[in-house]
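Colleague: Hi! I'm new to this one, so could you walk me through it?
Modeller: Happy to, let me put it on screen.

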Amino acid sequence: MRKATLVFLCLCMLAMFPSFAQEKFTLSGTVTEASSNETLIGVTIIISELNTGTTTNEYGFYSITVPSGNYTLQISSVGYQDVVQSITLDKNIKLNLQLEESVESLEEVVITENVEKVNIRQPQMSVNTLAVETIKSIPVVLGEADVIKSILLLPGVTNAGEASSGFNVRGGAVDQNLILLDEATIFNSSHLFGFFSVFNPDAIKDVKLFKGGIPARYGGRVSSVLEIFQKEGNSKEFKVNGGIGAVASRLLVEGPIVKEKAAFLAGGRASYAHLFLPLFDIDNRASFYDLNTKFNYKLNDNNNIYLSGYFGRDLFSINDNFVNTYGNAVVNFRWNHIFSDKLFSNLSLIYSDYFYGLELDFVGFEWDSGILNFNVKYDLKHYINDKLQVNYGINNIYYRFNPGKIKPNSADSGIVEEQLTQKYANEFAAYVDVAHDITDKLSLQYGLRLSHFIRLGQDELNIYEDDNPVVFDPFLLIYQEAEPIETINPGRSGQLATYTNLEPRLSLAYSFNDNNSIKASYTRIAQYLHLLSNTSSPTPLDVWTPSGPFVKPQLLDQYAFGYFKNFKDGVYSLETEVFYKDIQNRIDYIDGANLIANDAIEQVILNGEARAYGLEVLFRKNEGKFQGWLAYTLSKSEQRTPGRTDRELGINNGEWYNTPFDKTHDIALYGNYELNDKWSFNGNFVFQTGQPTNYPIGQFDFQGLVIPYYGLRNVERLPDYHRIDLSATLTPRKNKNRKWQSEWVFSVYNVYNRRNAASINFRRNNDTGANEAIRTSIFGIVPAVTYNFKF
């Protein structure tokens, strides 16, 4: 790591002394959508004569500095009409651009930001972007467009199966993904325990997934960053769009507050399937709703402010005796300021809260838990010249962890109110990130992040002999919980532990020509938060815990190498990558660990290590009536926890074993065919190696009871998973030249009714007395119809 840091410092020195042999001027501005003034992300601005260019940032701003001269600009973005404009650059020019929507391109499939050749030369790798139109076109269960289900079709991305929460990237766990909505952290991305994601597709503008080569401005999670930006609102006219589906409906309204200056957006989504359950004498209930809001105001040409929010809740109940409520709430205030045509800044003040509530009326208590954080970010983007861009900033997050509070729900319940010890922490980071074109063929992106984590004091802290909360029994050959020798009160003002890490990042691209390049990257990231879960798919009951005296931060070192090629001027493209990930201090659990309502969680966990490696291939067709992609991943994901001394066996005898999210083969095929202006068809095929699991390898009798016993961890697997989904979209021709626009989407999930196993359990047959295996499946074939509209 020291060598990588030294290389970074040398590159910084080289970058700060560019050539000034010819007078240069700066072209800068903002790119927006003509009909709404919505800023556009990832728009490509190319100067043809110099074969150089740039892209707009997260707020639509661009800047490029080149020698004086007469140039032709080519401005392009998928879904919009290309713009070609001539300029004379003999002084600094501010040029704001507006792009007209291209109706013919609305259904284009986009995975990377743009299919322009300039992307071959960019050092950024292991990144996928999905257009909102693509997300809406992908067939999913019950017809509800879903961001999380859509990214599962990308290479290196899987999950634990149908109706499972979250997603896994390159063999990583769910808690190793940083999910950002308008820069605010989302701790649970699922509705109804994984049936749907929390993101309303109508409110989303941009979706980007970083799997490797992660820029230095991101940190805190060791597997991936899923960055989602909401729309800002139409500042020109009022617009309404929505949809009515089989289990949920949505509505979004946007419009100007002050025309061309201020706008709002408000969207809502809710399920209603539970309303029909009483018709079948079913007292159970499962429902969700979420709200998206945004306000933006243009103070002047150099200052914009934004206020965005999200609020979502899930409710699951069984006969009112069991009631489960959980959800996210986030608020973000942002201020964009342009210091000059070369320096752009953004200040963010963010509040994020995840709440989990449980009421068990039959035993008379309520249970609440959650995690809350306050985040201050200040980011600057410095466009020094056409060969060099420097991004830098600081970030500070304060956390409060509530592992659980139990209280009686009635006066005669007999339950004594108890609060598990709350935990507090602070995470600070500063970073610098440089994009540097060394030559016409070689481009670099290098950066350094300094993270500093403080585990703050708390009301109670257990003290153990030799600071060891887990002990090994040499006679039983098992790990057991240690008894505390005392419990102290450090107080909120103290510090229980501190960790500081340097996190270098490096990506490079070498272009053989406009259509071929190789890329490589190295990423080091520290993760200070951990999700306590011993299930293959997280549940809302799982609890987040910070690093501290007994739990060390996870440390990632990831290496990736890839070959990229465009065919036939970008009509086809091929992306291949190999990767290797090594993670230190991955949490593992002793056998029989109890994670629920455990006020001494350090007694059941050990620090181990994990690794993952694999090959990813993505072949795409980007243009024409038929578009789509084929993604294939060959990978391995393992972890181990060796003994801390020669006398200890470690977990699983100290041997490497498959993680619950290890999928050897993962194939995803997606296609979109636009027959005409009335009909379009979509389909996808998914195949995955079965999920690792444990089956009993024997049994013994104990006082008349048959007790199964198990061998090493995750040796067996569930049956392989596969399915086909199809959908057809009908757009009435009468939509033309009228304000009300509508479409019908007919979809069939799991066309051949494959009963994919969510789990396999074993039991004794009451009639024969023989043991038998029982397969549990979530979905068979599921047809659905959705009606979408806008006006």
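Colleague: Is aspartate 202 buried or exposed?
Modeller: Aspartate 202 is buried in this predicted model, because its relative accessible area is 2%, and buried means under 20%.

Colleague: Which side chain does aspartate 202 meet in a salt bridge?
Modeller: That would be lysine 136, with 3.0 Å from N to O. The two come from distant parts of the chain, 66 residues apart. Aspartate 202 sits in the loop between E15 and strand E16 (204–210), while lysine 136 belongs to helix H3 (residues 132–137).

Colleague: And how accessible is lysine 136?
Modeller: Lysine 136 is partly exposed, at a relative accessible area of 38%.

Colleague: How many salt bridges does the structure hold?
Modeller: There are 34 salt bridges. One of them joins glutamate 417 and lysine 405, at 3.4 Å from N to O. Lysine 405 is in strand E26 and glutamate 417 is in the loop between strand E26 (388–408) and strand E27 (418–419), so this pair ties together parts that are 12 residues apart in sequence.

Colleague: Are glutamate 417 and lysine 405 tucked away or open?
Modeller: Glutamate 417 is partly exposed, with 49% relative accessible area. Lysine 405 also counts as partly exposed, at 27% relative accessibility.

Colleague: What about aspartate 725, which residue is its salt-bridge partner?
Modeller: Arginine 723, and their closest N and O atoms are 2.8 Å apart. Aspartate 725 and arginine 723 are both buried. Elsewhere, salt bridges with shared partners join Arg170, Lys211, Glu577 and Glu616 into one network.

Colleague: Switching to rings: how many aromatic pairs are there?
Modeller: The count comes to 31 aromatic pairs. Phenylalanine 61 and phenylalanine 344 make one that is stacked, 5.2 Å centre to centre with 25° between the planes.

Colleague: Where do phenylalanine 61 and phenylalanine 344 sit?
Modeller: Phenylalanine 61 is in strand E4 (residues 61–67) and phenylalanine 344 is in strand E24 (residues 343–360), so-called distant parts of the chain, 283 residues apart. Both phenylalanine 61 and phenylalanine 344 are buried.

Colleague: Got a tilted pair too?
Modeller: Yes, phenylalanine 196 and phenylalanine 288: the ring centres are 5.6 Å apart and the planes are at 45°, so the pair is tilted. Phenylalanine 196 is in strand E15 (residues 196–197) and phenylalanine 288 is in strand E21 (residues 285–300), so parts 92 residues apart in sequence are tied together. Phenylalanine 196 and phenylalanine 288 are buried.

Colleague: Which residues do ring pairs link into a cluster?
Modeller: Tyr59, Phe61, Phe229, Tyr306, Phe344 and Tyr383.

Colleague: And do charges sit over any rings?
Modeller: Arginine 492 lies over the face of tyrosine 424, 3.6 Å from the ring centre. The charged end of lysine 519 sits over phenylalanine 564, at 4.7 Å from the centre of the ring.

Colleague: Last topic, sheets. In what order do the five strands of the open sheet run?
Modeller: The order is E9-E16-E17-E12-E13, with mixed pairing. Strand E9 (127–130) and strand E13 (184–185) are at the edges with a single partner strand each, so one side of each has no neighbour in the sheet.

Colleague: How do strands E12 and E17 pair?
Modeller: Strand E12 (residues 177–181) and strand E17 (residues 224–230) pair in the parallel sense, over five bridges. Leucine 181, for example, has isoleucine 228 in E17 as its bridge partner.

Note on methods
Residues numbered from 1 in each chain as written. Predicted model: local features only at pLDDT ≥ 70, side-chain atom pairs only at ≥ 80, totals over all residues. Heavy atoms only, no water. Phe/Tyr/Trp six-rings, centres within 6.5 Å; stacked < 30°, edge-to-face > 60°. Helix = DSSP H or I, 4+ residues; strand = E, 2+ residues; numbered from the N terminus. Buried < 20%, exposed > 50% of the residue type's maximum accessible area, 1.4 Å probe, protein only. Lys NZ or Arg CZ within 6 Å of the ring centre and 35° of its normal. Pairing = 2+ DSSP bridges. Salt bridge = Lys/Arg side-chain N within 4 Å of Asp/Glu carboxyl O.
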